[in-house]
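User: I should like to go through the reasoning behind several labels applied to a structural model. Please set each value against its cut-off before drawing a conclusion.

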Amino acid sequence: MALPDVASSGEWRKARLELLAHEKELTRHQTAINAERRRLPMVRIDKKYVFEGPDGPVELKDLFGDSRQLIIQHVMLGHDWDDACPGCTAGIDELAPGHLRHLSSRDTAFALVSRAPFAKIAEVKERKGWFTPWYSAYGTDFNYDFQVSLDESRGQVEYNYRAEPGLLGGDRSSEMSGMSCFLRDGANVFHTYSTYARGTEFLGNTYTFLDMTALGRQEDWEEPKDRVAEPRPAGPVFL
């Protein structure tokens with residue numbers, strides 16, 4: 001088994017400072033990428049999507065609750081699957097009530113969506129003890145429109161913004177994972193961002209979820225300015 005080289009404390013410090021310079025460069029670059037993401041244009045959602053939830057049918061706008069923003073995690077659970085995929089399961093297992101509470105304090109809702117019928121979703125959710133709101137897109141175009149259901153018969157084989165027919169693996173249809181962000185302005189709902197595959201690997205805390213959204217962290221140092229009426233001072237205070 002290969003282990004790190006052994007060095008003196010002075011040699012270690014020198015190497016650590018060199019790495020720190022690269023880490024700071026990466027942080028500055030990530031900050032610039034986050035601002036570029038917030039500057040993306042948005043697309044109005046004109047199609048009516050009706051999901052099934054624990055209280056019956058709901059539309060996309062209803063998933064926002066009282067929030068201006070909505071983050072949807074596309075969970076791989078097909079209509080004929082017995083369980084969610086291991087990767088999605090690991091991510092949902094790691095969600096804490098604090099995530100949803102802190103996102104809500106920044107005017108952002110969070111929900112799970114799968115193509116499986118709601119009865120199957122409810123069974124999996126109860127069995128795993130998950131608390132995050134989870135809705136069924138079964139019978140709608142939602143998963144196809146957002147590239148997380150591939151179906152050769154529908155001509156939808158695009159994933160992560162490119163054709164990926166090989167992901168079907170010989171099957172006629174397949175489910176994929178990802179994240180999509182939406183913004184509500186009055187009665188209108190807009191799609192602002194989606195990411196797939198390794199684009200979701202950096203997620204883990206409230207800030208990384210907010211960094212995907214058009215309003216961002218809503219702090220006074222962020223660019224572009226004037227996205228929110230009362231920006232907050234910098235710092236992870238979620239009240």
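The exchange below takes up burial, strand pairing, cysteines and salt bridges.

Analyst: Please note at the outset that this is a predicted model.

User: Why is threonine 192 called buried?

Analyst: Buried means under 20% relative accessible area. Threonine 192 has 10% relative accessibility, and therefore counts as buried. This threonine 192 lies in strand S12, residues 188-196. Leaving aside residues up to four places away in sequence, threonine 192 touches Leu40, Pro41, Met42, Cys181, Phe182, Leu183 and Ala214.

User: What makes S12 mostly covered?

Analyst: Eight of the nine residues in S12 are buried.

User: How do you know that S11 and S12 pair, and in which sense do they run?

Analyst: Pairing requires at least two bridges between two strands. Strand S11 (residues 178-185) is joined to S12 by eight bridges, and the two run antiparallel. One bridge partnership sets aspartate 185 against asparagine 188 in S12. The two strands form a hairpin with two residues between them, and glycine 186 in the turn has a positive phi of about 65°.

User: What makes strand S1 a partner of S12 as well?

Analyst: The requirement is at least two bridges, and strand S1 (residues 43-44) pairs with S12 over two bridges, in the antiparallel sense. Arginine 44 stands opposite phenylalanine 190 in S12.

User: How many disulfides does the structure hold, and how do you know that cysteine 88 is in none?

Analyst: The structure holds zero disulfides. For cysteine 88, the nearest cysteine sulfur is that of cysteine 85, 3.2 Å away. A disulfide needs the two sulfur atoms within 2.5 Å, so cysteine 88 is in no disulfide. Cysteine 181 is likewise in no disulfide: its nearest cysteine sulfur, that of cysteine 88, is 16 Å away.

User: Are these two cysteines buried or exposed, and why?

Analyst: The limit for buried is under 20%. Cysteine 88 has 4% relative accessibility and therefore counts as buried. Cysteine 181 has a relative accessible area of 1%, so cysteine 181 is buried.

User: Why is the contact between aspartate 46 and arginine 44 called a salt bridge?

Analyst: A salt bridge requires a side-chain nitrogen of Lys or Arg within 4 Å of a carboxyl oxygen of Asp or Glu. In the pair of aspartate 46 and arginine 44, the closest N and O atoms are 2.8 Å apart, so the pair qualifies. Aspartate 46 has a relative accessible area of 60% and is called exposed because exposed means over 50%. Arginine 44, at 46%, is partly exposed because this value falls between the two limits of 20% and 50%.

User: What makes lysine 61 and aspartate 62 a salt bridge?

Analyst: Their closest N and O atoms are 3.5 Å apart, and the limit is within 4 Å. Lysine 61 is partly exposed, with a relative accessible area of 38%; aspartate 62 also counts as partly exposed, at 38%.

User: Where in the chain are glutamate 219 and arginine 106?

Analyst: The side chains of glutamate 219 and arginine 106 meet in a salt bridge (3.5 Å, N to O). The pair links distant parts of the chain, 113 residues apart: glutamate 219 is in the segment after helix H6 (206-210), and arginine 106 is in the loop between helix H3 (97-105) and strand S5 (108-114). Both glutamate 219 and arginine 106 are buried.

User: How many salt bridges are found in the whole structure, and which residues are linked in a network?

Analyst: A search of the whole structure finds 18 salt bridges. Lys47, Asp141, Asp145 and Arg154 are linked in a network of salt bridges.

How values were computed: Residues numbered from 1 in each chain as written. Predicted model: local features only at pLDDT ≥ 70, side-chain atom pairs only at ≥ 80, totals over all residues. Heavy atoms only, no water. Helix = DSSP H or I, 4+ residues; strand = E, 2+ residues; numbered from the N terminus. Buried < 20%, exposed > 50% of the residue type's maximum accessible area, 1.4 Å probe, protein only. Contact = heavy atoms within 4.5 Å.
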